[in-house]
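Subject: Structure for your files

Hello,

Please find the structure below, with notes on its nonpolar cores and salt bridges underneath.

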Amino acid sequence: MRGEPSCPKCGGRVRAPGLFADSWQCDVHGTVYPLQPVVPPSVEGLGVVVHRAQVPVWMPWPLPVGWLFSGVAAAGDDRSGGRATAVACSGPGPFGGPGELMLIAEELGVGLGARYAGIDGPDPGPNMCVNKPPHAKVLAAGRPTALWHVGGAPDDRVVFAGEARGLWLWAIVWPEETGLLMYDELVLTDLRDAGAEVDLLPCGALTPRLLA
């Protein structure tokens, strides 16, 4: 498990602000918001991310039957706050076998969603099929939210993206068949608005997807 910040776009090493730059720097991508080390899923660890986040921390709520919280990641530092968040959940897929869902909220250009989606980033951009009707809809913080399929991702996953609260919302599902979840109009809660019920969140094992 990584123990130091990394580039949200490529996972490479980053240099902390110092004498010659007042921001985190990646040799490939220049100025970035650093991806903080991923920690095993727990209510306490999730609370730290929620407290620092400047963007939503989306989670299906209630979780689908049999699903567990399986990790969280955030890009940003103590000065900037979290400018991108990724929440992972896992459970039984609609057709049997294990499934995983990752929800990412981020500001324009951060690049965390594209990295986990496995596409060239930093944003969905031309890969979004917005010339067609939305491929899925979710209820995000009480608002109907349209999501479009994002092309160019590896065959082992299906990727959707849209806009919620003025920011990118990505939904990445493994394997592709588990994407059927996205057609059930999932209800997403921004955990910054959640109450004490989060303390009852069922936690599973850390997903290796967040370490990719």
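The notes take the cores and then the charged pairs.

This is a predicted model, in which local features need pLDDT of at least 70 and side-chain atom pairs count only at pLDDT 80 or more, while totals for chains, interfaces and linings use all residues. Residues are numbered from 1 along each chain as its sequence is written, and side-chain values use heavy atoms, with hydrogens and water left out.

The largest nonpolar core (buried Ala, Val, Leu, Ile, Met, Phe, Trp, Tyr and Cys residues joined through side-chain atoms within 4.5 Å) has 36 residues. Buried means under 20% relative accessible area, exposed over 50%, and partly exposed in between, with a 1.4 Å probe and protein chains only. Among the residues with the most contacts inside this core are Trp58, Leu101 and Met182. Beyond its neighbours within four places in sequence, Met182 is in contact (heavy atoms within 4.5 Å) with residues including Leu147, Phe160 and Val173. A second, separate core of 25 residues includes Ile104 and Trp148.

There are ten salt bridges, counted where a side-chain nitrogen of Lys or Arg lies within 4 Å of a carboxyl oxygen of Asp or Glu. One of them joins Asp27 and Arg15, with the closest N and O atoms 2.3 Å apart. Asp27 is exposed at 68% and Arg15 partly exposed at 45%. Another pairs Asp156 with Arg157 at 2.8 Å, N to O; Asp156 is partly exposed at 34%, whereas Arg157 is buried at 17%. Both belong to a salt-bridge network with Glu100 and Arg209.

Regards
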